[in-house]
Amino acid sequence: MRKITKVIACMLIPVFLLSSLGATQAQATIQGPSTHAQSAALIDVTSGRILYSKDGDKELRIASLTKIMTAIVAIEHSRLDDKVKVSPTAFAKEGSSLYLKLGEKMTLENMLYGLMLRSGNDAASAIAEHVGGSEEGFVLLMNKKAEQIGLTHSHFMNPHGLDAEGHYSTANDLARLTAYALHNPVFKRIVATEDKSAPNPNESWEYSWHNKNKMLRMYEGADGVKTGYTKKAFRCLVSSATRNGQQLAAVTLNDGNDWNDHARMLDFGFEYFPLVEVAKQEQPVQNTDVVTGRGFWYPLAESEKSSLTKKLILHENRGQSEKEDKKKATDLSFGLAGRIDMQLDGKLVGSIPVYRKGSYIPPEPKTEDETLGGIGDVSSWAAAWRAVLSHLLSP
């Protein structure tokens, strides 16, 4: 099959942001908020765009912010109704604890609540051993996930975040990890929970966990994420909040005034970088026979709107074989006419597929659908779209 590519300059073109393409970091044209943190970052969750960064690539200890990675790896690799057993190595783990009994069994879902609300180190070890076969096996999964989502300044040595040589991350990496995790409906639900109770098989009373994250109670729209502290990492915090349909996540490492600093960072993002609807789904592209496959939203400062440039790239296939014709019905890319690329200040920030009018356009994932217990629903959709875009972006 021969592929012919036409490049057409366009106006009012939407873009579908791909994690593989990355996202531009906001330029220092707007004075960022002041913080007491050694390192800090602010990210728009929808687009993955870092809106503010202070020494954001500095590799530091991250304490229990580690458990963000622990939770998302567990959710993606196991089932929420699995029974997790507390082993001798998980029992009485030092630091913050759920005080689980040796040999006690609890569902993975409830243990994840204990992990994220009360920062249970015993829960972290038990989850790791259940999902990875051992803590070491689980740590391999953590580092593999870090590589997959592009965390280039992170390395994990354990699932709980107790100080260890070679265990570190950065504010920018943690912001990207948090944005990734918040796209998972199970993770998103857990970290937004203020109070949770769970059955206790050894006592007449239930477990009752109150979320340590004070941002949930002191900041309007707050909906996550995780606190952390060790004597070497000092105070660490990741918070998130949603206003007017836009979700932001803030990260500070070694910050003695983190609650107030996070409020200032989130206020800054909502005020200066609102989420802008660039275009709608199935929008006709002017002077063509194609429509957009997705709408697109992107956080933009007022001064940046004129810096967006768009380009329509159409692929015309010729000489298609009979064998290829038979695959049309099951080929997710059938009907794809090309893509639209968008650049901000000369950097590619996303690409959206365009389809021939009247052809099948795959639906977007239902992020609130948890019928698979948190396993693979959105991930499978994303994998399919990666295949589509791989087809589009291939030479």
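The following paragraphs lead through the predicted model, from the chain as a whole to individual residues.

Residues are numbered from 1 along each chain as its sequence is written, and side-chain values use heavy atoms, with hydrogens and water left out. As the model is predicted, local features need pLDDT of at least 70 and side-chain atom pairs count only at pLDDT 80 or more, while totals for chains, interfaces and linings use all residues.

The chain has 10 helices and 16 strands; these are DSSP runs numbered from the N terminus, helices being H or I with at least four residues and strands E with at least two. Of the 395 residues in the chain, 52% are buried. Here buried means under 20% relative accessible area, exposed means over 50%, and partly exposed lies in between (1.4 Å probe, protein chains only). Among contacts with a separation of 6 or more, 67% join residues 24 or more positions apart, a contact being heavy atoms within 4.5 Å.

The interior may be considered next. A nonpolar core is a set of buried Ala, Val, Leu, Ile, Met, Phe, Trp, Tyr and Cys residues joined through side-chain atoms within 4.5 Å. The largest such core has 62 residues, and those with the most contacts inside it are Met 69, Met 111, Leu 112, Met 116 and Phe 187. Apart from this core lies another, of 21 residues, among them Leu 42, Met 215, Leu 248 and Ala 263. Leaving aside residues up to four places away in sequence, Phe 187 touches Ile 68, Ala 71, Ile 72, Ile 75, Met 116, Ala 181, Leu 182 and Val 225. Val 225 lies in strand 8 (residues 222–230), and the peptide bond leading to Val 225 from Gly 224 is cis, with omega near 15°.

Helix 3 comprises 12 residues (121–132), and its end C-alpha atoms are 16 Å apart, in agreement with the 16 Å expected at 1.5 Å a residue; the expected span is 1.5 Å times one less than the number of residues. The helix is mostly covered, with 10 of its 12 residues buried. Those buried residues pack against helix 1 (66–77), strand 4 (83–85), helix 2 (108–117) and helix 4 (135–148). After helix 3 comes Gly 133, which has a positive phi, near 85°.

Aromatic side chains offer another view. Rings of Phe, Tyr and Trp (its six-membered ring) pair if their centres lie within 6.5 Å; planes under 30 degrees apart count as stacked, over 60 as edge-to-face and the rest as tilted. The whole structure contains 6 aromatic pairs. In one of these, Trp 205 and Tyr 207 meet edge-to-face, 6.1 Å centre to centre with 85° between the planes. Trp 205 is partly exposed, at a relative accessible area of 48%, whereas Tyr 207 is buried, at 6%. Elsewhere, ring pairs link Tyr 52, Phe 268, Tyr 272 and Phe 273 into a cluster.

Several loop residues complete the account. Gly 245 occupies the loop between strand 9 (234–243) and strand 10 (246–253) and is exposed, with a relative accessible area of 61%. Asn 254 has a positive phi of about 55° although it is not a glycine; this residue belongs to the loop between strand 10 and helix 8 (258–272) and is partly exposed, at 26%. Asn 287, also not a glycine, has a positive phi of about 65°. Its loop joins strand 11 (275–279) and strand 12 (290–292), and Asn 287 is exposed, with a relative accessible area of 77%.
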